[in-house]
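Thank you for asking me to look through this entry with you. The points below are meant for someone who is meeting the structure for the first time, and they can be read in order.

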Amino acid sequence: MDKISRERRPSDEQLVYRPAVPGDSRAIADLICQAGGGLYEFLFDDLIPLVSAIDIVAAGVGMSGGPLSYENCLVASSASAGVVGAANFFPTDSLAEETFLSLVSDRFDHISPMLRLRDRGSMFLNAIAVSGNYRGNGVGTHLIALTEVASLEAGLSRLSLHVWVDNVVAIKLYKRHGFSEVGIAELAVSPRLPHSGGSLLMRKILPGPAVGKSQR
């Protein structure tokens, strides 16, 4: 990600695309929670009194070493509005299921089928979201493109993600970007997680040779 430079696009000159910094943590956490479609609220709300899911995610983004860390994020930033888009991604094989399940086993047990359904050897796009006023202007498309570049630079020739099966709009969007369906993680119904049909794993084979780390 260090190789990704600050750059502007002709169609959105007010935006700068760059690696995230610790000061972006709160804004990134808000976008990650939006992208999760209630997942992080399911996992973290009411876990600690007076501490929200966004608070917990922001703490994770602000620290180094974890999957949600700012080190694993790219942002689109506006001079007037600050961070308006973010992508969080990391190598799928770096996600240690046991680390998560030991935190809040009952809640993570519920989503364990999602954690186990992975495309090993790929870069996992954990979250991508754009603030409302900036949607529809290619910001998400550019963040995906930069994520693909970072994946290839890391020696990973595939990009994978999870999306709720009932999020038809997002699935169509990812298919337009070249992602295909791999499999579905079926989850038990929960009133605290307002989705049906489970979570769909999608994958994209990236064009061009991967560089850096050797392929698995």
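1. Two residues are said here to be in contact, or to touch, when they have heavy atoms within 4.5 Å of each other. With that in mind, a place to begin is Ser190, which sits in the loop between β7 (180-185) and β8 (199-205). Leaving aside residues up to four places away in sequence, Ser190 touches Phe42 and His110. Ser190 has a relative accessibility of 14%, and because buried means under 20% relative accessible area, this loop residue counts as buried.

2. Please keep in mind throughout that this is a predicted model. The chain has a mean pLDDT of 88, and 86% of its residues reach 70 or more. Residues 5-12 call for caution, as their pLDDT is below 50, although in the model this stretch has 21 contacts beyond near neighbours in sequence. Where pLDDT is low, the predicted coordinates should not be read in detail.

3. Helix α3, which covers residues 53-62, has Ala53, Ile56, Val57, Ala58, Gly60 and Val61 among its buried residues. Which helices do the buried residues of α3 pack against? Their packing partners are α1 (25-36) and α2 (39-44).

4. A salt bridge also connects α3 with α1: the side chains of Asp55 and Arg26 meet with 2.5 Å from N to O. Since Asp55 belongs to helix α3 and Arg26 to helix α1, this pair ties together parts that are 29 residues apart in sequence. Asp55 is partly exposed, at a relative accessible area of 28%, and Arg26 is likewise partly exposed, at 47%.

5. How many salt bridges does a search of the whole structure find? The search gives six, and one of them brings together the side chains of Asp24 and Arg18, at 2.8 Å from N to O. Are Asp24 and Arg18 buried or exposed? Both Asp24 and Arg18 are buried, in contrast to Asp55, which is partly exposed.

6. Another salt bridge joins Glu148 and Lys204, whose closest N and O atoms are 2.6 Å apart. Here the pair links distant parts of the chain, with Glu148 in helix α7 (residues 139-153) and Lys204 in strand β8, 56 residues apart. Glu148 counts as buried, with a relative accessibility of 13%, and Lys204 counts as buried at 13% relative accessibility. In addition, Asp119, Arg158 and Arg203 are joined into one network by salt bridges that share partners.

7. Turning to the aromatic side chains, a search of the whole structure finds four aromatic pairs. Among them is the pair of Tyr174 and Phe179, with 5.7 Å from centre to centre and 65° between the planes. Why is this pair called edge-to-face? The angle between its planes is 65°, and planes over 60 degrees apart count as edge-to-face, so the pair falls in that class. As for the surroundings of these rings, Tyr174 counts as buried with a relative accessibility of 11%, while Phe179 is buried with a relative accessible area of 4%.

8. Finally, ring pairs link Tyr40, Phe44 and Phe108 into a cluster. When looking at the cluster in the structure, it may help to recall that helix α2 spans residues 39-44, and that Phe42, a contact of Ser190, was mentioned in the opening point.

Conventions. Residues numbered from 1 in each chain as written. Predicted model: local features only at pLDDT ≥ 70, side-chain atom pairs only at ≥ 80, totals over all residues. Heavy atoms only, no water. pLDDT = per-residue confidence, 0-100. Buried < 20%, exposed > 50% of the residue type's maximum accessible area, 1.4 Å probe, protein only. Helix = DSSP H or I, 4+ residues; strand = E, 2+ residues; numbered from the N terminus. Phe/Tyr/Trp six-rings, centres within 6.5 Å; stacked < 30°, edge-to-face > 60°. Salt bridge = Lys/Arg side-chain N within 4 Å of Asp/Glu carboxyl O.
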